[in-house]
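Trainee: Could we go through this model together, please? I should like to begin with the aromatic rings.

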Amino acid sequence: YYAGVNQFTGSSFTGSGVVAYERDAMLAGQPARQVIFDLETSNPNAFTPMPADIDGIFLPPTGMPGLFVTADNPGELNLWHFDVDWDNTDNSSFTLANTLSVSAYSGAVCGFNRDCIEQPNEQNLDAIGGRMMFRLAYRNLGGSENKLIANHTVIGSTSDNDIAGVRWYEIDIDDDGFQKTDTNGDLMPINNGTFSLDDGNSRWMGSAAMDAVGNIGVGYSVSGNDLFPSIRFSGRSQSDAANILTVPEI
C-alpha cells in the first residue's frame with residue numbers, strides 16, 4: 001500500500017513524504033514494515049504526492065513501480081517511481097521518472113487565500129489549490145495500454161482569479177511506468193485541459209477516472225454567490241477531440 005503526506009510544524013510546511021506499507025504482512029495480521037522517504041531535503045518543491053489507485057480487472061505489468069504524481073510548477077506535471085525491495089529495504093528508492101509539459105495554468109486561486117470560494121451565506125470555502133486531488137486513477141485497458149487520470153484545482157477564469165476550475169489529465173505510460181512520448185517525441189499528457197464555465201461559479205475538488213473502454217468522467221464540487229455547494233460532473237468519450245470535456249455539465 002502507498003501513501004503520500006504533507007508535513008507541517010505548526011503552520012510551516014516542512015516537506016512532503018511518501019510511504020509504502022507491507023501489504024502481505026498486514027493482510028496476515030503480522031507485524032508489518034514500512035518504507036518512508038522524507039522529501040524535505042531531496043525534493044523540497046514536491047507537494048501532495050498522490051499515489052496511483054487501480055481501477056478495473058487488469059493488473060499493472062509485472063515489475064511496474066508504484067506511481068505518484070505531483071503538480072509542483074505551472075506548466076509541468078511530475079511522474080515519480082516508488083521502487084520497494086522488501087528483501088532489502090535499503091535498496092528501495094523514490095525517484096523522479098518524468099517531467100511532463102502541460103498547458104499553462106495557475107493554482108493560485110484567490111492568491112492561495114483559504115477564504116476563497118463563494119457560497120450564498122457569505123462564508124467562503126477553501127479552494128485548496130496547488131495540490132493534486134484524490135484520486136490518481138490507474139487503469140490497464142489490456143495489453144500495454146496503461147493510463148493515469150489525474151486532476152487538481154486551478155484558476156478557472158481569465159478575468160477573475162477567485163473563480164476555480166478543474167484541471168484534468170489523461171497520461172499514457174509504458175509497462176515500465178514511464179510517460180510515453182507523443183507523435184512529436186514530446187513528453188506530454190495525451191489529453192489535458194481546464195474545465196470551467198463562464199457563469200461566475202467555481203468548480204473545484206475534482207475526482208476523475210476512466211472506464212474500461214477509455215471514456216473519462218470528472219466529478220467536482222460547484223459553488224457560487226447564488227449557488228449552494230453542490231456536486232456536478234462532466235466527461236468525454238475516448239474518440240472525442242483532444243483536451244476537452246464534451247459531456248454537458250450534469
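Mentor: A definition comes first: rings of Phe, Tyr and Trp (its six-membered ring) pair if their centres lie within 6.5 Å; planes under 30 degrees apart count as stacked, over 60 as edge-to-face and the rest as tilted. The model is a predicted one: local features need pLDDT of at least 70, side-chain atom pairs count only at pLDDT 80 or more, and totals for chains, interfaces and linings use all residues. Residues are numbered from 1 along each chain as its sequence is written, and side-chain values use heavy atoms, with hydrogens and water left out.

Trainee: Which residues do ring pairs link into a cluster?

Mentor: The cluster consists of Tyr2, Phe37, Phe68, Trp80, Phe82 and Phe94.

Trainee: And how many aromatic pairs does the structure hold?

Mentor: There are ten aromatic pairs in the structure. In one of them, the ring centres of Tyr2 and Phe68 are 6.1 Å apart and the planes stand at 85°, so this pair is edge-to-face.

Trainee: Where do Tyr2 and Phe68 lie in the chain?

Mentor: Tyr2 belongs to strand S1 (residues 2-9) and Phe68 to strand S5 (residues 66-70), so to speak of distant parts of the chain is fair, at 66 residues apart. Strands (E, at least two residues) and helices (H or I, at least four) are DSSP runs, numbered from the N terminus.

Trainee: Is Phe68 buried or exposed?

Mentor: Phe68 is buried, with a relative accessible area of 0%. Buried means under 20% relative accessible area, exposed over 50%, and partly exposed in between (1.4 Å probe, protein chains only). Tyr2, at 37% relative accessibility, counts as partly exposed.

Trainee: What about Phe68 and Phe82; at what angle are their planes?

Mentor: Their planes are at 45° and their ring centres 6.1 Å apart, so the pair is tilted. Phe82 lies in strand S6 (residues 76-83) and Phe68 in strand S5, so the pair ties together parts that are 14 residues apart in sequence. Phe82 is buried, with a relative accessible area of 1%.

Trainee: Turning to the whole protein, how many helices and strands are there?

Mentor: The protein has two helices and 14 strands. Its radius of gyration, taken over C-alpha atoms, is 19 Å, close to the 18 Å that the globule rule (2.2 Å times the number of residues to the power 0.38) gives for 250 residues, so the protein is as compact as a globular protein of that length.

Trainee: What percentage of the residues count as buried?

Mentor: Of the 250 residues, 42% count as buried.
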